[in-house]
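Work through these exercises with the sequence and the coordinates open. Try each task before reading its solution.

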Amino acid sequence: MLEESAPIRRPFKAPLPAKDGPRINREIRGVREVQLIDQDGQNVGLTPIDEALALAAEAGLDLVEIAPNSEPPVCKILDFGRFKYQTQKKANEARKKQKTVEVKEIKMRPAIDDHDYEVKMKAIKRFFEEGDKVKLTLRFRGREMAHQHLGMKLLERVRDETAELSKVEAEPKLEGRQMIMVLAPR
């Protein structure tokens, strides 16, 4: 008696990983014609894909898909290695010029002395010149909680003195035993 065997199951075949960057040469599939730009930057016009590949091979360069979503796709004849290097270099330059804004914290007490206040103000102004935000934290201890108006006056004084350098991002508010205000550079 012959038993019917279970069908042979093939293991799941995962799709190939998506390639970073534009498609080049034989990777450009599914199109008959492309809008071709030659190595000198001249628009050749609509060209069959086989002819475009032949022109690129003749020049000793690659056919690179520049605008894949347009109809027909735009391809350019260029040295792909050099193209990749230049785009990477541009990305690094852009990253270098990027400035990350940090939030610097200045802690004070409501009964701060004049000299200590001036030192803190100097630091605040330096932070604004560097392009950083400043978070002012005013801490109340013990009976100081009964005199929150003094803390509010102090934060208003700081805001008024730095008015030409900064703008208030978060108005003074009480969180537990601390009063917090955030200032951002103009």
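The exercises below concern a predicted model.

**Exercise 1. Two annotated domains**

Task: State which residues each UniProt domain annotation covers, then give the helix and strand content of each range.

Solution:
- Step 1. The unreviewed UniProt entry places "Translation initiation factor 3 N-terminal" at residues 24-94.
- Step 2. That range is 37% helix and 31% strand, with its end C-alpha atoms 25 Å apart.
- Step 3. The entry places "Translation initiation factor 3 C-terminal" at residues 101-185.
- Step 4. Here the chain is 35% helix and 36% strand, and the end C-alpha atoms lie 10 Å apart.

**Exercise 2. Backbone exceptions**

Task: Find where N25 and P72 lie, and describe the phi of N25 and the peptide bond from E71 to P72.

Solution:
- Step 1. Start from the general expectation: most residues other than glycine have a negative phi, and most peptide bonds are trans.
- Step 2. N25 is not a glycine, yet its phi is positive, about 40 degrees.
- Step 3. N25 sits in the segment before β1 (33-37).
- Step 4. The E71 to P72 bond is cis, with omega near -5 degrees.
- Step 5. P72 belongs to the loop between β3 (62-67) and β4 (74-78).

**Exercise 3. Ring pair in helix α2**

Task: Classify the pairing of F80 and F83: stacked, edge-to-face or tilted?

Solution:
- Step 1. A search of the whole structure gives 1 aromatic pair.
- Step 2. The ring centres of F80 and F83 are 6.2 Å apart, and the planes meet at 35 degrees, so the pair is tilted.
- Step 3. Stacked would need planes under 30 degrees apart, and edge-to-face over 60.
- Step 4. F80 and F83 are 3 residues apart in helix α2 (residues 80-97), so about one helical turn separates them.

**Exercise 4. Charges**

Task: Describe the contact between E93 and K96, and list the residues of the negative surface patch.

Solution:
- Step 1. The whole structure holds 9 salt bridges.
- Step 2. One of them joins the side chains of E93 and K96, at 4.0 Å from N to O.
- Step 3. Both residues lie in helix α2, 3 residues apart, so they are about one helical turn from each other.
- Step 4. The negative patch consists of D113, D114, D116 and E118.
- Step 5. Of these, D114 is found in helix α3 (residues 114-129).

Notes. Residues are numbered from 1 along each chain as its sequence is written. This is a predicted model: local features need pLDDT of at least 70, side-chain atom pairs count only at pLDDT 80 or more; totals for chains, interfaces and linings use all residues. Side-chain values use heavy atoms; hydrogens and water are left out. UniProt positions are given in the numbering used here, feature names are shortened, and annotations may be inferred rather than shown by experiment. Helices (H or I, at least four residues) and strands (E, at least two) are DSSP runs, numbered from the N terminus. Patches are made of residues with over 30% relative accessible area and no salt bridge: like charges are joined within 9 Å, nonpolar side chains (Val, Leu, Ile, Met, Phe, Trp, Tyr) within 5 Å. Accessible areas come from the Shrake-Rupley method with a 1.4 Å probe; for residues, only the protein chains shown count as cover. Lys and Arg count as positive and Asp and Glu as negative; His and the chain ends are not counted. The place of a charge is taken as NZ of Lys, CZ of Arg, CG of Asp or CD of Glu. Rings of Phe, Tyr and Trp (its six-membered ring) pair if their centres lie within 6.5 Å; planes under 30 degrees apart count as stacked, over 60 as edge-to-face and the rest as tilted.
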